[in-house]
Amino acid sequence: MNILVTGAAGFIGFHLCRKLLNKGHDVVGLDNINLYYSTDLKIDRLVELGVEKRTEFPYNELISGENKNFQFIKINLEDRDKLPVLFENCKFDKVINLAAQAGVRYSLENPEAYVDSNIVGFSNLLECCRHAGVKDFIFASSSSVYGQNEVPFSTTDRVDRPVSLYAATKKSNELIAYTYSHLYGIKTTGLRFFTVYGPWGRPDMAIFLFAKAIAEDKPIKVFNDGKLERDFTYIDDIVAGINSIVTAESKTDYALYNIGNGKPVRLLDFIEILETEMGKPAKKELYPMQPGDVYKTWADVSDLKKDFNYNPQWNIEAGVTEFVKWFKGYYKI
């Protein structure tokens, strides 16, 4: 198939592109390479996908690299003039939208970025699918839509009380996708991701911040006195789950799935495993609960297992080991 992956220079997008290419698909990777975190890491991910390393990419130009099945384009999803041109030229079979302004806490500081990317950009992308005749659209939602719901989180839960703007934009995506599915017959599948981690992860994620602080003998910030639990999900399990949806026929015109490990882990236990792999203890500074944060996440993945044989393989010890191996190698620690 010819597949568009947005957010291709991002953490999950990069890994998914690599998986799809290994499966023999043609992939166009789209990203705007914004400044939310180091562009060096984003560019290095693209280099891993076969794109020639450069300090700057021109906007709106398809760039080929060593892998003849992969092309990259730098473009903003909000660009109502240039994005339709890409769809006209490339004739995509499926679109996988992983592009978004990420981060719960950052949404308190820069709400405009979330509206522009996560709502305006998302709507623009679906409009392009509509007019180009793309009938299969897979998109990233988030476990953050559940807010302070009781665990385990189920897709049948009520999720109209988000506790961050980021969560609100993700819930908006689900509603917009449903509307386009209802009105225009586009098959839309939303995936609520649960605390994804692994090699090439974002520098604003907990595992990265903790590993960096431990390596530099600096204190780590532990919120709610460490009394948090997260459904940590290794990147390979996430990508395997997305791939199974890409290769199968959609079960319905519109569907939502949790995609996680299905096993919450105490934050302090997670830190202890990381300390072991890093080879030194962390200096912990305890802080109160942060605005927009939740106490516990836990994914009910029974629907994804039933419909697509989703079966996460990675436990937290093995996943953290692989992350630290990459982290030490990439940063030459």
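Isoleucine 96 is a good place to start: leaving aside its neighbours within four places in sequence, isoleucine 96 is in contact with Ile3, Leu4, Val5, Thr6, Leu16, Leu20, Ile138 and Val246. Here, contact means heavy atoms within 4.5 Å. You are looking at a predicted model, in which local features need pLDDT of at least 70 and side-chain atom pairs count only at pLDDT 80 or more, while totals for chains, interfaces and linings use all residues. Residues are numbered from 1 along each chain as its sequence is written, and side-chain values use heavy atoms, with hydrogens and water left out.

## The cores

Isoleucine 96 belongs to a wider group. The largest nonpolar core has 78 residues, and those with the most contacts inside it are Val5, Ile12, Ile96, Phe193, Phe270, Leu274 and Val320. A nonpolar core is a set of buried Ala, Val, Leu, Ile, Met, Phe, Trp, Tyr and Cys residues joined through side-chain atoms within 4.5 Å. Buried means under 20% relative accessible area, exposed means over 50%, and partly exposed lies in between (1.4 Å probe, protein chains only). Helix H1 (residues 11-22) gives this core its largest share, seven residues. Another core, of 26 residues, lies apart from it, with Leu4, Phe122, Leu126 and Leu256 among them.

## The sheet and its helices

Helices (H or I, at least four residues) and strands (E, at least two) are DSSP runs, numbered from the N terminus. Eight strands make an open sheet with mixed pairing, in the order E3-E4-E2-E1-E5-E6-E7-E12. Strand E3 (63-64) and strand E12 (254-259) are at the edges with a single partner strand each, so one side of each has no neighbour in the sheet. Two strands pair if DSSP finds at least two bridges between them. Three of these pairings are set out here.

| Pair | Bridges | Direction | A bridge pair |
|---|---|---|---|
| E7 (residues 187-193) and E12 | Six | Parallel | Phe193 and Ile259 |
| E2 (residues 26-31) and E4 | Five | Parallel | Leu30 and Ile73 |
| E3 and E4 | Two | Antiparallel | Ile63 and Phe72 |

A hairpin of five residues joins E3 to E4. Four of the five residues of E4 are buried, so E4 is largely enclosed by the rest of the structure.

Which helices pack on the sheet? Helix H5 (residues 111-132) does, touching strand E1 (2-6), strand E5 (94-97), strand E6 (136-142) and E7, and its direction makes about 165° with that of E6. Helix H8 (residues 235-247) lies across E1, E5, E6, E7 and E12, running at about 170° to E7. Axes are lines fitted to C-alpha atoms, for helices over the stretch in contact, and angles run from 0 to 180 degrees between N-to-C directions.

H5 also meets helix H3 (residues 82-90): their axes come within 10 Å and cross at roughly 35°. Leu83, Pro84 and Phe87 of H3 make the contact with Asn124, Leu125, Cys128, Cys129 and Ala132 of H5.

## Two threonines in E7

Threonine 188 sits in strand E7, and at 1% relative accessibility threonine 188 counts as buried. Beyond four places in sequence, threonine 188 is in contact with Leu126, Phe137, Phe139, Ala177, Ser181, Asp253, Tyr254 and Ala255. Threonine 189 is in E7 too, and is buried with a relative accessible area of 4%. The residues that threonine 189 touches, again beyond four places in sequence, are Phe137, Ile138, Phe139, Ile245, Ser250, Ala255 and Tyr257. In a regular strand the side chains alternate between the two faces of the sheet.

## Helix H2 and its ends

Now turn to helix H2 (residues 39-48), where Leu41, Lys42, Ile43, Asp44, Arg45 and Leu46 are buried. Their cover includes H1, strand E4 (70-74) and helix H11 (316-330). Serine 38 caps the N-terminal end of H2, with a side-chain oxygen 3.1 Å from the backbone nitrogen of aspartate 40. After H2 comes glycine 50, whose phi is positive, near 105°.

## Glutamate 275

Is glutamate 275 buried or exposed? Glutamate 275, in helix H9 (residues 267-278), counts as buried because its relative accessibility is 13%. Leaving out residues up to four places away in sequence, glutamate 275 touches Ile214, Lys280, Pro281, Ala282 and Lys284. Glutamate 275 and alanine 211 are 64 residues apart in sequence, yet 8.2 Å apart in space, C-alpha to C-alpha.

Notes
Polar contact = N/O pair within 3.5 Å; in protein donor to acceptor, adjacent residues only side chain to side chain.
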